[in-house]
Amino acid sequence: MEQPKGVDWTVIILTCQYKDSVEVFQRELEIRQKREQIPARTLLLAVEDPEVHVGSGGATLNALLVVAEHLSARAGFTVVTSDVLHSAWILILHMGQDFPFDDCGRAFTCLPVENPQAPVEAVVCNLDCLLDIMSHRLGPGSPPGVWVCSTDMLLSVPPNPGISWDGFRGARVIALPGSTAYARNHGVYLMDSQGFVLDIYYQGTEAEIQRCARPDGRVPLVSGLVFFSVETAEHLLATHVSPPLDACTYMGLDSGARPVQLSLFFDILLCMARNVRREDFLVGQPPEMGQGDADIAGYRHGARAELWRELRDQPLTVAYVPDGSYNYMTNSASEFLHSLTFPGAPGAQVVHSQVEERQLLGAGSSVVSCLLEGPVQLAPGSVLQHCHLRGPIHIGTGCFVSGLDVAQSEALHGLELHDLVLQGHHVQLHGTRSRAFTLVGRLDSWERQGTGTYLNMSWSQFFQKTGIRDWDLWDPDMPPIERCLLSARLFPVLHPSRALGPQDMLWMLDPQEAGSKALRAWRACWRLSWEQLQPCLDRAATLASRRHLFFRQALHKARHVLEARQDLSLRPLIQAAVREGFPGPLMATLDQVAAGVGDPGVAARALACVADVLGCMAEGQGGLRSGPAANPEWVRPFLYLECGDLARGVAALAEERDKWLSRPALLVRAARHYEGAGQILIRQAVMSAQHFVSSVPVELPAPGQWVVAECPARVDFSGGWSDTPPLAYELGGAVLGLAVRVNGRRPIGARARCIPEPELWLALGPRQDKMATKIVCGSLDDLQDYCQPHAPGALLKAAFICAGIVSVHSKLSLSEQLLCTFGGGFELHTWSELPHGSGLGTSSILAGAALAALQRAAGRAVGTEALIHAVLHLEQVLTTGGGWQDQVGGLMPGIKVGRSRAQLPLKVEVEEITVPVGFVQKLNDHLLLVYTGKTRLARNLLQDVLRSWYARLPAVVQNARNLVRHTEECAEAFRQGSLPLLGQCLASYWEQKKLMAPGCEPLAVRRMMDALAPHVHGQSLAGAGGGGFLYLLTKEPRQKEALEAVLAKTEGLGNYSIHLVEVDTQGLSLQLLGD
């Protein structure tokens, strides 16, 4: 529904009938502004019509005056000036008359549609659709001026309606196509070939309607949409000081002027139509005026004369939108139901609702913002809105049921409703709020003329069936012609001794069953007619009740989405809960899911959602979401989670959370700690990879003999990010990687040996021992920082722990453990010839090399596949996290695809990719590495990706699926030995990486890639991106010197270097060397 660019409205003003509704509807506009449906800078106004019967024209003139007054004051003027209109885009929305099927009018009638792209989840009202159409379809491109839009219609407009504003002046009406049959009860435009309006007919004759018909037989309908240029708006505004038109505005009425009724289309616009003559216009009468208004003909004559004087010279044109549609929302229940249902649809339309037994909903029915528990049957063509019902309930065909809560469900048990409109209402009687219920028939008429019906039967049949008499409904002195459904005192609003319920109306369906007691109870009630009920409706309570029900069903939705592991984003719902004051109940529900589900994956996602709620509550203030999560106040809940006690951990988190809600900085820090808690659960899930770690005993190396492990680096060609927990076990991962030598060398390695001293000697590269940083661990205290990744030697310390050589939780000292098991200590030295943050998988491959060397030095042999899982375990112990693609790429030889299924325990399986003979050499000749000189920050990128994945942002979920699918396509390109295809794979892969982690392409890297683009089939930054190495698949072989020359001519690249690279066919190698 939402388009990328919309009108930046200066003012949006909503006009309404009732004084006590102004504040209510003002708040509704403000809520939509918070939802980003309305620009943040737009001035929002809700204003009551100066009199109930000023008509659409009077309401427009009054609204224009109020807008001009506000803009004048904002600009510093002390009087109203039309100059403020010259740079303003103004939208006037008219609420119109009461609507029998929604207490808040046609504007707030909810529609059975959803907007999945909306940043904030909400029920879609007719007002929302019209706002979207005005802001993104009709409004764009229009000059400054005033748009007027009725809200009493259902409108459809194509994304680009093709309206030209070149050379426009005057006023313009928007017309949509309709049949000649529809036009008989509606307004149509007669227009010339240039688009000028010649006349406007309302309920015209057959000849008049045919005169308006277009070549396709359809006619341009009056649609309730008008645009006034600034010039025309100034002329219209000028009339507010001229009697009798001043009486259309609050200023005139406050000055004692007599009210006048004015039609927007058949007074204001009609005088601008070219074929209309002055004498005919002055004596005419707009169709919206009643017959009883004839006595003010002279008064109206003066009003029309003033309009003719001001507006006659203004041109009026039509913008006809042939692909649009228009339907006026009449008072016919049959037409209303037809507009909300989907005849012929295969199933029910269920929108923002939770339904336990969806199979009971008939095809073509619709359910909007409801919570249906147990067996609730809804027949085809019927509609449920804003109801919380508990079955068994059977709603038959032709029904509209709205506004019922679970407390009223029992009244429906045992009944089968057909062709009925049953509504619950919030009313306010002398300051006391209560509920009332109305029941009418689908076929009943709301018109005053005619004999009329009630509950789809004649009044005489109704009286005979129920025992009700006409004097129960109407005063004896009321003329028979005025006795109609609108004036009948049918509806109880107060019972002397109990609360009212639907049963106070439903008894009329079967009076024999209900007995005379029901009739006596009905007569004992204070009752109102429909007309009398309208001013008593509590619209604030109605909208608040709807909002509460929406969030009640939303909490059920959140629980179901998480527990059913659905790839549905809860972020729009989180935004709605925070912006509309419901974050507490949502966080409580998320707590319940996390504590009770017994699945660490689901619990981690629930905690991530709590973090999103907290981050949203900070409203963009308080700092970055990514940051430290080790505040001492949060240690207790973290310890519970580490011990596997989810319930107590979640409860302790919530208890601590309540202390961090007072300001944005604390909210952001709390969000970080919730993400930290989620990392604990991810860690526990990934630890399941230990199931696939095993070793066999082998002969110990000779004393002092080094075990040397050497490894290539890795280059990822497709699928990266899909191997990252939790994606690796929630979605399932697939990554194609190459083991590579850089400048002819295997750049990563480790060596280990036994030493007689009961200590651990650690050395961190380079390979030459004299240059290494050395650490001696003589006690368990020296190992305690093994889980702090930035502590010196943390990875090596974690390797000793994960290899089972020492335990930091043992009661034995370090020296006792070493002497008891091995008769001495160990020396471990690791190195990498690659720069920090290279993107070539260094740290994970280094962990694999260290574990392999240590295990062999300790007399154990570990297979490569076991090592892959052991590294997953080690990186969780180290708390760096990370996936499995790096160790698969560097420990396994050649070209291969690693895969993990969407399940726990996390298991990685590797498939070697067979390529054509000679292709590896060809690949070596065309593959180059460019060090960009930029150090990447993978951890921050990782946090952002995990946040987006847990939020299940649709673009991220789709991209993650594409990464996995693309890996299989890339494997096929390798099997074919096609460099151009592989280049396309690389280009696609880089685009996928950028979608996954926005910000991973620094400006200098973009410059470099642009310079290299003509010379390569494809290119991508290695790993997560953000810096490190760029790898290229060149069009010509052996291009190192040529590309060095290209980059030398490119400015702003920094300290780069180009390196030769070749596929390594050996993978991890282990050697025993002498001292």
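**Close-up views of strand 4 and of two annotated domains**

**View 1. Strand 4 in its surroundings.** Strand 4 (residues 145-150) is largely enclosed by the rest of the structure, because 6 of its 6 residues are buried. Buried here denotes under 20% relative accessible area. The model shown in this and the following views is predicted.

**View 2. Pairing of strand 4 with strand 3.** Strand 3 (residues 89-94) runs parallel to strand 4, and 6 bridges connect the two. Within this pairing, Leu93 is placed opposite Cys149 of strand 4.

**View 3. Pairing of strand 4 with strand 9.** Strand 9 (residues 219-229) and strand 4 are antiparallel and are joined by 5 bridges. Trp147 of the one strand faces its counterpart Phe227, which stands opposite in strand 9. In a regular strand, side chains point alternately to the two faces of the sheet.

**View 4. The crossover from strand 3 to strand 4.** Helix 3 (residues 126-138) takes part with strand 3 and strand 4 in a β-α-β unit. The unit is left-handed.

**View 5. The annotated GHMP kinase N-terminal domain.** An unreviewed UniProt entry assigns "domain: GHMP kinase N-terminal" to residues 820-889. In the predicted model, this span is 56% helix and 14% strand. The C-alpha atoms at the ends of residues 820-889 are 37 Å apart.

**View 6. The annotated GHMP kinase C-terminal domain.** Residues 971-1046 are listed by UniProt, again in an unreviewed entry, as "domain: GHMP kinase C-terminal". Helix accounts for 54% of residues 971-1046 and strand for 16%. A distance of 31 Å separates the end C-alpha atoms of this span.

Technical notes:
Residues are numbered from 1 along each chain as its sequence is written. This is a predicted model: local features need pLDDT of at least 70, side-chain atom pairs count only at pLDDT 80 or more; totals for chains, interfaces and linings use all residues. Side-chain values use heavy atoms; hydrogens and water are left out. UniProt positions are given in the numbering used here, feature names are shortened, and annotations may be inferred rather than shown by experiment. Helices (H or I, at least four residues) and strands (E, at least two) are DSSP runs, numbered from the N terminus. Buried means under 20% relative accessible area, exposed over 50%, partly exposed in between (1.4 Å probe, protein chains only). Two strands pair if DSSP finds at least two bridges between them. A crossover is right-handed if, with the strands pointing away from the viewer, the path from the first strand over the helix to the second runs clockwise.
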